[in-house]
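Me: I'm new to this one and would love a friendly walk through it. Could you take my questions one at a time?

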Amino acid sequence: MPVLTRAEAQDRAALLDVHHYRIELDLTPGETLGSTTVIRFTARSAGTTFVELKPATLHRAALDGQALDPAALDDNRLPLTLTEGEHELRVEADMRYSRTGEGMHRFTDPADGETYAYTQLFMEDVQRVFAAFDQPDLKAVFALAVTAPPHWTVLGNGIARPVGDGRWELAPTPPVSTYLVAVAAGPWHSVRTEHAGLPFGIHCRRSLAAHLDADAEEILGITRRCYDRYHEKFTEPYPFDSYDQAFVPEFNAGAMENPGLVTFRDEFVFRSAVTDTERQTRAVVIAHEMAHMWFGDLVTLKWWDDIWLNESFAEYMGYQTLVETGDFPDTWTDFGISRKGWGYDADQRPSTHPVAPDPDAVPDTASALTNFDGISYAKGASALRQLAAWLGEKEFLAGINDHFTRHRFGNATLADFLDSLARATDRGVHGWARSWLRTTGVDTLTPDVTDEDGHWRLAVRHEGSRPHRITVGLYDHDPAEPGRLVPRTPVEADLPGDTDLVFPGRRPDLLLLNDGDLTYAKVRLDPGSWDTALDALSGLPGALSRAVVWNAARDMVRDGELAPAAYLRAARAHLPREHDNAIVQGVLAFARTQIADLYLPADERPEALAGLRALSRDLLERAPAPGVRLTAVRTLIASALRPDVLREWLAADTVAGGPVLDPELRWRILSRLAVLGALTPAGIDAELARDPSATGHEGAARCRAALPDQAAKEAAWEAMFGTDDLSNYLFAATAQGFWQPEQLDLVRPFRERYYPAVVALAARRGPAIAEAAGRSAFPLMLVEAETLRLGEECLRSADPIPSLRRKLVDQLDDLGRALRIRRAG
């Protein structure tokens, strides 16, 4: 399929001014959906162009009343020859429903048989639903009408009202980009309210109604407080006529910022116990998507090289605004311990790219899609946090508001944004942007601390080129309470300027660069400070300070400067006294999934898992916080090498001392029992009968693929690669179960089959399945040189689609890192 190039988009934007779409969709039962599109636009001069659509059948097309030949459709492009002036294009087609979360996704709930349909039109997927001039800088007004089964409710970007016979009319939008049009239709369970004169609503599948109702006030309360806070920060008011949030099934992303109708993955409707950290994550996503109403929807990028103008800002604003509302005041700790690592990892791979890539580096939509990663989100948000600290919050917001005012309902570039910032400050924002947004890689800050006669000296080695404003934390052992650290007055430093500082008195016991985590850089501890951290890390006041130390330790393991076993010893010593669940969760996840499964040789893994089980039992004994307790139970399940205790919990339907087993914990236990060969297909079927939900079907698929049996592995392989029947979620669940460190001899023969199979699969099923197959189905557990060799050969000799190529490059780099760490050990 041809992808849209930047040059083509520029030519079409120069030719066309698009005014209005009238779209009619027929979602009544059938194998396809009916789609009729009428587009009114102006050609600034005579010329040729094309409109995009990917139909099952193109029935009719007419330009200004003159029929066009449907056979002229070339893949996804219908050519148009235009005279100067006003035009109207009408396209009538049948479109395919999706099972991969792209276009119009259709889902039948196994819990009750009800069917739902919703759109995800990002990047190029609008063409799967209606004809469009599909690029972000051809904004237009969209008016939609949808016909659906009589018992369905239809939601859209504007207020939707039923007009009879299953037909719904959606209020026309202000000018928005094609990829932001949204429809969600089905027998939704809805909770509606009003705030600031606007209708607000939250919606989910009927089978999740009780769970949404239980959290409705929390979700709506966070929504209201974020809305109010954004109106305090931004001078432009919320630009749409309503605010609906739909929790939809089998959604590929965390959420999508469709104006007036945000769609979320419906795992955020919690049907089992979750930690406060997971509730915080949901709240951050709510705040993130609402920020997009301004960053991305009101003012939209002109081309996909500026995706950071959407995602980095929404990421930063989501975390910062949630702190300011008071709902979750420690959100930056979770960002530091989890999201930031995502950015650091992405920035050290061969596929790294600048936060704001050079336009030539994003020549088409296929290359743009690969940039939705830890750099565009976490690194970009970190850069903006540093920018706010460097400029000052007042100047930072003044520049943002100027940007909104100058480009409302339009499109903008990095240059436009920098011009707005420059109008609000006399600091050199263009130089800042060159250093932060146009470069790649992670700076490293290393202290050298010396204690001299009557004073001590701090020298900072700065590997990298970016300017940093940091806080240097200074801490001493508390003589009255062993294991506790007390702070001195911190030091503010600007790097690279303040690289050699002298202070009176003796050196602190622990010196922490980037205390408060306000910049984006790897930090190291000097030997004396590291010894103090190993002795008293849990006694360091401030969760964010502890997160900075844990991140330093994580980076040292990944860079081969700290033995993985030493990290595990630090976790065993300090996590039992840690009260912030985000830190507990992040440290245990790294220890369990990276160190135990990848970085340690196979013969050392049982000892590591034994240590994690002991650590988890310590947490259960010492931690009264329910979130920490749940995190510990999950780690105990994942680290079990014998089935006895898991079977006891399953039989009793509770963990000793709590919690009671809910569906999520039961499926975790069953998945681990399957890996250990302690579960039968009949046992899986019995649990599925007990929990016939969509999540239950995913759990069953994961368990079946995890069985240590040749026939089970062949069946799972055939389901993933031999047919195209699995939905995106069932594919991912099957892939997650397949490769297990306990089953290396069994799965090793599939390694050679993987690379040709995944290239063919991606070519057939497209980017969403390609990304899932590259992520979850990749044989990462086979940390062997042969896995790396076969993958590199695939990249040389095959031609994977761009989304798969990017994923394979990243996975192979992670595999090579794991091999180096093992060799160093």
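Me: Between which two helices does the loop with Ser776 lie?
Reply: Happy to start there, and keep in mind that this is a predicted model. Ser776 sits in a loop, with helices on either side: they are H25 (767–775) and H26 (785–797).

Me: Is Ser776 buried or exposed?
Reply: The cut-off for buried is under 20% relative accessible area. Ser776 has a relative accessible area of 15%, so Ser776 is buried.

Me: Which residues is Ser776 in contact with, leaving aside its neighbours within four places in sequence?
Reply: One partner is next door: the side chain of Ser776 makes a polar contact with the side chain of Arg775 (3.5 Å). With neighbours within four places in sequence left aside, the contacts of Ser776 are Ala732, Ala735, Gln736 and Trp739.

Me: Let's move to the strands. Why is strand S2 largely enclosed by the rest of the structure?
Reply: Strand S2 covers residues 32–43 and pairs in the antiparallel sense with strand S1 (residues 16–26) over ten bridges. S2 also pairs in the antiparallel sense with strand S7 (residues 85–96), over twelve bridges. As for its enclosure, the reason lies in its buried residues, which number nine of the twelve.

Me: How many residues lie between S1 and S2 in their hairpin?
Reply: Within this pair, Tyr21 stands opposite Ile39 in S2. S1 and S2 form a hairpin, and the number of residues between them is five.

Me: Which residue in S7 does Phe41 stand opposite?
Reply: S2 and S7 are antiparallel partners. Across from Phe41, the residue in S7 is His87.

Me: Now the aromatic rings. How far apart in sequence are the parts tied together by Phe122 and Trp304?
Reply: The structure holds 50 aromatic pairs. In this one the ring centres of Phe122 and Trp304 are 5.3 Å apart and the planes are at 70°, so the pair is edge-to-face. Phe122 is in the loop between strands S9 and S10, and Trp304 in the loop between strand S20 and helix H4, so the pair ties together parts whose separation in sequence is 182 residues.

Me: Are Phe240 and Phe409 stacked or edge-to-face?
Reply: Their centres are 6.5 Å apart, with 80° between the planes. Planes over 60 degrees apart count as edge-to-face, so the Phe240 and Phe409 pair is edge-to-face.

Me: Last one: which ring does the charged end of Lys713 sit over?
Reply: Elsewhere, Arg77 lies over the face of Phe50, at 4.1 Å from the ring centre. For Lys713, the charged end is 5.0 Å from the centre of the ring of Phe738.

Definitions and conventions:
Residues numbered from 1 in each chain as written. Heavy atoms only, no water. Buried < 20%, exposed > 50% of the residue type's maximum accessible area, 1.4 Å probe, protein only. Helix = DSSP H or I, 4+ residues; strand = E, 2+ residues; numbered from the N terminus. Pairing = 2+ DSSP bridges. Polar contact = N/O pair within 3.5 Å; in protein donor to acceptor, adjacent residues only side chain to side chain. Contact = heavy atoms within 4.5 Å. Phe/Tyr/Trp six-rings, centres within 6.5 Å; stacked < 30°, edge-to-face > 60°. Lys NZ or Arg CZ within 6 Å of the ring centre and 35° of its normal.
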